[in-house]
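Hi,

Here is the structure I promised to pass on to you. Have a look at it first, and my notes follow underneath.

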Amino acid sequence: MDFNLNKEQELLREGLGKFLATRYDLEKSRTAAKVGPGWQPEIWRGLADELGILGAAFPESVGGIGGGPVEIMVIAEELGRALVIEPFIDTVVVAGGLLQRSDHPAASALLERIAQGGAIVAVASTEPDGEHAVSTRAIRDRSDWVLTGEKIVVTAAPLATHLLITARTSGEKADSQGISLFLTEFDPSAPPKGVRVHGYRTIDDRRAADLSITQLRLPADAQLTDDASPSLARARDEGAAAVCAEAVGAMRKVLADTVEYCKQRQQFGQPIGNFQVLQHRMVDMYMEVEQSVAAVYLAVLNLQAEPDTRARSVSAAKATVGRAARFLGQNAVQLHGGMGMTEELAIGHYFKRLTALQYEFGSTDSHRARYAKLTRP
């Protein structure tokens, strides 16, 4: 099997890498995250207007470039290498995937706005009892839908222009059937009547929010689909594969910075990189990165396979990458010493992101359990 990127994919990687190297400053992005709006709108606009990557996996009919999982992998890895906090995976991969699998007229119009950089879409699906236990209810009231429930850790919600909300129209909270997907416009500074927003900054400098929904009234055409479970399952796997690719990019950067630091840091009259025990440690880090790369390829190449094959491949990748991210992050900090945990050094920011990535779209342990279940005779 040929794992080499084609010419167009290589150009995509090179173009995005150059854009981020010259335009994306880590200190500026962290300032925006901590005391600013939480992101850099001009960067998002540049990704749309100058590179066109916000429509990388969208069909040409909505302004996309007709790419697929490999293009998403290439983009996510470069975003991870630069530690980009803008909500590409939330909006383009997860929300974009859900919208593409809907035949609702509003879905195509919103995909076009995303590709143009004019919309940020957050998916409100996780609840206090977990992402797969949907207690939020949607009840018909004449021609409207009325939604009531709680959503937690809705990433990118404080930046969003639209929300995709999961709500149950029938069944109990653990049932996989009876879940619908609803679309609504959203302004976090002036949320719709019936929605309370508690926004916050996450440990890795992203923005998220908890939503309390009480009698949120939506028109009948806000329902994108009345059987969202299969599409949601695929969206979670696509999101998991994308964050795995992002983690690979971050781990490559962490390893390169650690090796360079060990060449420069002097101890006992010589660079610490000359000590064999530390050389062995960095080789172990390199092996973890390479195993993660192989696992990501496996997941990406099976995203369009049958559901069980897709789920098994994604869980294998998420478990592998989760272990590697923990190992790389901890060892990079240890080799940098106390400096590794400071705000001034990039490695501390990468460590936080690698820690958070272990829990996005399912924890390392949950994916190990799912892989075991799917491979059980």
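**What turned up**

Val 283, Tyr 286 and Met 287 together make a nonpolar surface patch of about 290 Å². Please keep in mind that this is a predicted model. One member of the patch, Val 283, sits in helix 8, which covers residues 276-301. Val 283 has a relative accessible area of 46%, so it counts as partly exposed.

Now to Met 73, which belongs to helix 4 (residues 69-82). Is Met 73 buried or exposed? Its relative accessibility is 6%, so Met 73 is buried. Leaving aside residues up to four places away in sequence, Met 73 touches Leu 5, Ala 245, Val 296, Tyr 297 and Val 300. You may also like a distance for your notes: Asn 4 is 69 residues from Met 73 along the chain, and their C-alpha atoms are separated by 13 Å.

On the annotation side, an unreviewed UniProt entry lists residues 7-99 as "domain: Acyl-CoA dehydrogenase/oxidase N-terminal". In the model, that span is 68% helix and 0% strand, and the C-alpha atoms at its two ends lie 29 Å apart.

Last, the cysteines. How many disulfides are there? With sulfur atoms required to be within 2.5 Å of each other, the count comes to 0. Cys 244 is buried, because its relative accessibility of 2% is under the 20% cut-off. Cys 262 is buried as well, with a relative accessible area of 1%.

Happy to talk it through whenever suits you.

Best wishes

Key:
Residues are numbered from 1 along each chain as its sequence is written. This is a predicted model: local features need pLDDT of at least 70, side-chain atom pairs count only at pLDDT 80 or more; totals for chains, interfaces and linings use all residues. Side-chain values use heavy atoms; hydrogens and water are left out. Patches are made of residues with over 30% relative accessible area and no salt bridge: like charges are joined within 9 Å, nonpolar side chains (Val, Leu, Ile, Met, Phe, Trp, Tyr) within 5 Å. Accessible areas come from the Shrake-Rupley method with a 1.4 Å probe; for residues, only the protein chains shown count as cover. A salt bridge is a side-chain nitrogen of Lys or Arg within 4 Å of a carboxyl oxygen of Asp or Glu. Helices (H or I, at least four residues) and strands (E, at least two) are DSSP runs, numbered from the N terminus. Buried means under 20% relative accessible area, exposed over 50%, partly exposed in between (1.4 Å probe, protein chains only). UniProt positions are given in the numbering used here, feature names are shortened, and annotations may be inferred rather than shown by experiment. Contact means heavy atoms within 4.5 Å.
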